[in-house]
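Hi there,

Here is the structure I promised to send over. Have a look at it first, and then read on for my notes.

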Amino acid sequence: MFKFNLQNTLKPDMPIRLYTNYTEIPSSDFTVDYTNSTITIADSRPAPSLGSENHMEFPIAPAMEWSVGEKLCVALSEGDGKSRIFEIPTQNLIKKGSKVDLFIDDIAIPTSYFTVDYINKTVTLNNKLEAPHDGAKIYFYYSKLDNSSMQSVDETTVTPSTEEPKVTQPEVETKTKETPIVREPEVPQPTVEPQETQPVMESKEEQAADESPEIPLSIPSGEQFPGTFTINPSGTSFVVRLKMKNIQPTYTSYVMVKNSDAQLVKRIQFNPETTFNYSLSSLDLSTGGYYFYIKMMDQSGNSAASVPQFVPINNNKAGQVVVFIDGRLQQYVQPATSISGSMLVPFRAVFEALGAKVKWDGATKTVTATKGNTTIKLTVGSRDAYINGKLVRLNAAPRLINGKVMVPIRFVSEALGAKVKRNIAAHSVVIFLAPPQVLTTSESEQLMEENEDKPEPQSNPTILKKISTTLTKSTDIVFVIDVTSSMTGTLDYVRQKVKGFVDSVPAGSQFAIVAFRDINLKADKDLEFFEFTADKNKLKGNLNMLRPSAGGDLKESGLEAIQLAISKFPKNSNSKTIIFISDAPVHDKNTAPDKARFSVDEMNEQLQKNAVIFNAIVPANGTANKQMKKLVDSNKGTLYDIKDAKLNLAK
């Protein structure tokens with residue numbers, strides 16, 4: 001039996017979902033005593049284990065109130081498509097002039113769009129904004145510090161979502177001889193502008209050589225993924241929070257970004273143990289629709305992903321509203337126009353994009369659209385519209401603008417069964433006929449090619465560009481690359497920059513690849529060699545064949561990979577260079593004789609004997625840096641920080 005303590009009273013018909021270790025327990029396996037605020041798990045099911053995480057979820061209902069940091073939030077009545085005045089159902093006093101925020105369907109409403117009556121406790125929307133649609137979720141935030149008559153309120157967390165907002169209570173442990181308390185969680189305060197932070201790669205260099213094998217990743221994907229992705233109220237950045245304990249150092253976390261064609265365009269690595277804030281402008285995305293999701297992987301190839309979230313990007317500085325239908329940016333000859341709080345768009349384009357057949361009667365200036373069993377009729381200049389013959393009164397009548405018949409997009413979309421959301425921050429209208437289906441499998445995450453002809457900034461050239469400037473004659477070059485899962489972002493970088501590197505080195509140079517993981521002397525199957533080639537497209541193709549995965553031990557067989565590279569140089573080679581790339585230390589025979597054939601000192605002798613210039617791209621400190629620095633310093637190379645060998649990360 002578990003006790004839950006909540007600020008709000010749950011009605012007996014309130015649906016509750018129960019989770020243990022982020023795995024949902026079927027409703028048939030537990031009962032809820034709403035009077036005594038307890039949950040009892042059926043005897044037929046094993047009791048949650050010691051230390052397990054248990055939490056419950058329930059929908060937010062109007063009049064529910066909770067605290068978020070220094071603020072209180074209360075759920076107002078849902079929208080009905082007509083009302084503009086909403087009561088603030090709180091017993092607390094709200095000081096006149098205090099800072100407040102209003103959210104409709106998880107979108108922050110500018111303060112110029114509403115007024116607050118502090119005496120009668122009401123919020124009124126002005127005509128700049130259309131009345132919230134039927135079922136719209138509306139939340140009002142006000143400051144605790146400005147509250148003149150504060151009641152005792154438990155810390156509560158609510159994360160409004162685009163679908164059914166829920167109150168989620170994580171971080172609740174079961175303990176023996178104690179009654180676990182289900183608490184309401186923390187979410188970001190909506191008015192606090194998150195500060196951009198440096199993405200951090202999960203470093204492996206300080207781990208012991210003889211550590212135990214990693215714990216496999218075993219968290220759920222989809223709706224039950226233990227993490228949240230949130231766009232900040234101003235629409236300028238996003239925040240990622242993972243609700244996990246005991247995150248293993250061999251787990252790697254990313255924010256994945258796919259375009260409207262479901263092609264991966266950005267992959268951003270971050271530290272899962274801290275809140276991750278990141279600016280959308282740093283991604284350099286063009287205007288369009290994108291899907292963002294969180295992805296966590298272990299080095300054995302297990303992975304989990306959150307549900308992809310659609311994010312509209314509008315770079316139009318003039319504030320022109322754009323429209324997305326099923327994730328795709330719509331192109332209109334006459335741009336979308338706001339009239340009396342309603343957004344009007346060209347009738348034929350929107351109806352056809354929604355799958356309807358449309359007819360225009362020029363004599364009566366009537367538009368008729370049909371889809372399945374639904375027929376819609378609208379007339380220019382009239383606020384009377386008809387759905388299957390039933391009269392519907394419009395907020396704004398269709399009209400002619402620059403010779404184009406414009407119709408209200410929310411009305412026609414919802415009449416045809418679509419979901420419509422206005423994103424004020426992104427100056428966009430987002431419409432989906434059905435929930436988007438976006439794959440999150442590893443096979444679907446091949447990074448899309450960027451513009452390789454884009455000139456690199458002279459003030460901050462890439463690492464490969466810097467290396468190319470040190471080569472004064474044709475050279476045989478071997479990339480020795482760690483291909484464990486944590487190297488995914490670095491491999492993206494090498495693939496993206498390698499063609500430019502090939503073009504910038506002296507003519508006659510050729511290139512090979514040695515890929516390595518951790519062979520542990522059992523077999524050489526994890527050492528892979530790709531033959532020398534002078535063809536940059538073939539080299540790029542070889543790099544694309546590398547699939548980061550596996551490597552359960554943190555230290556890896558880098559010295560064996562370097563030895564293989566040395567052995568593959570042509571006998572008649574005039575100049576030899578190795579570019580070693582890894583985020584991990586290497587096994588050294590002197591400290592781990594059962595895991596390595598060579599020591600760093602022995603490899604140093606081999607490099608010198610064969611006159612190989614050795615460059616290394618490794619972490620800026622730690623064991624890996626110390627190991628490779630000795631090889632670099634003794635073999636005329638340069639040491640580079642691997643954090644600079646990343647795509648899509650702020651410097």
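A word on naming before anything else: helices (H or I, at least four residues) and strands (E, at least two) are DSSP runs, numbered from the N terminus. With that in hand, N388 is easy to place, in the loop between β33 (384-387) and β34 (390-393). Please keep in mind that this is a predicted model.

First, the overall picture. The protein has eight helices and 44 strands. Of its 651 residues, 53% are buried. Among the contacts with a separation of 6 or more, 69% join residues 24 or more positions apart.

Back to that loop after β33. The phi angle of N388 is near 50 degrees, which is a positive value in a residue other than glycine. N388 has 49% relative accessibility, so it counts as partly exposed; the exposed class begins over 50%. S340 also has a positive phi, near 50 degrees, and is likewise a residue other than glycine. You will find S340 in the loop between β28 (337-339) and β29 (342-346).

Another loop to look at is the one between β19 (237-242) and β20 (252-259), where M244 lies. Is M244 buried or exposed? Its relative accessible area is 16%, so M244 is buried, the limit being under 20%. M244 is 28 residues from P272 in sequence, and their C-alpha atoms are 8.7 Å apart in space.

Now for the helices. Two packed helices are described by the angle between their axes and the distance between the axes. One pair to view is helix α4 (residues 488-504) with helix α5 (residues 536-544): their axes come within 10 Å and cross at roughly 160 degrees. Angles over 145 degrees count as roughly antiparallel, and α4 and α5 are therefore roughly antiparallel to each other. The crossing of α4 and α5 is right-handed. On the α4 side the contact involves V494, R495, V498, K499, V502 and D503, and on the α5 side K536, N537, L539, K540, L543 and N544. By type, the residues of this contact are five nonpolar, two polar and five charged.

The other pair is α7 (600-609) with helix α8 (residues 623-634), which pack at an angle of about 20 degrees with their axes 10 Å apart. How do α7 and α8 run, roughly parallel or roughly antiparallel? Angles under 35 degrees count as roughly parallel, and α7 and α8 therefore run roughly parallel to each other. Their crossing is right-handed. From α7, the contact draws on V600, D601, M603, N604, L607 and Q608, and from α8 on Q627, K630, L631 and S634. Those residues divide into four nonpolar, four polar and two charged.

Last, please take a look at S599, in the loop between β42 (576-581) and α7. S599 counts as buried because its relative accessibility is 3%. The side chain of S599 reaches into the helix, coming to 3.1 Å from the backbone nitrogen of E602. Which residues does S599 contact, leaving aside its neighbours within four places in sequence? They are L559, D588, K589 and N590.

Happy browsing, and do write back with any questions.

Best wishes

Technical notes
Residues numbered from 1 in each chain as written. Predicted model: local features only at pLDDT ≥ 70, side-chain atom pairs only at ≥ 80, totals over all residues. Heavy atoms only, no water. Buried < 20%, exposed > 50% of the residue type's maximum accessible area, 1.4 Å probe, protein only. Polar contact = N/O pair within 3.5 Å; in protein donor to acceptor, adjacent residues only side chain to side chain. Contact = heavy atoms within 4.5 Å. Axes fitted to C-alpha atoms, helices over the stretch in contact; angles between N-to-C directions. Parallel < 35°, antiparallel > 145°, perpendicular 65-115°, else oblique. Left-handed = near helix turned anticlockwise from the far one by under 90°. Nonpolar A, V, L, I, M, F, W, Y, C, P; charged D, E, K, R; others polar.
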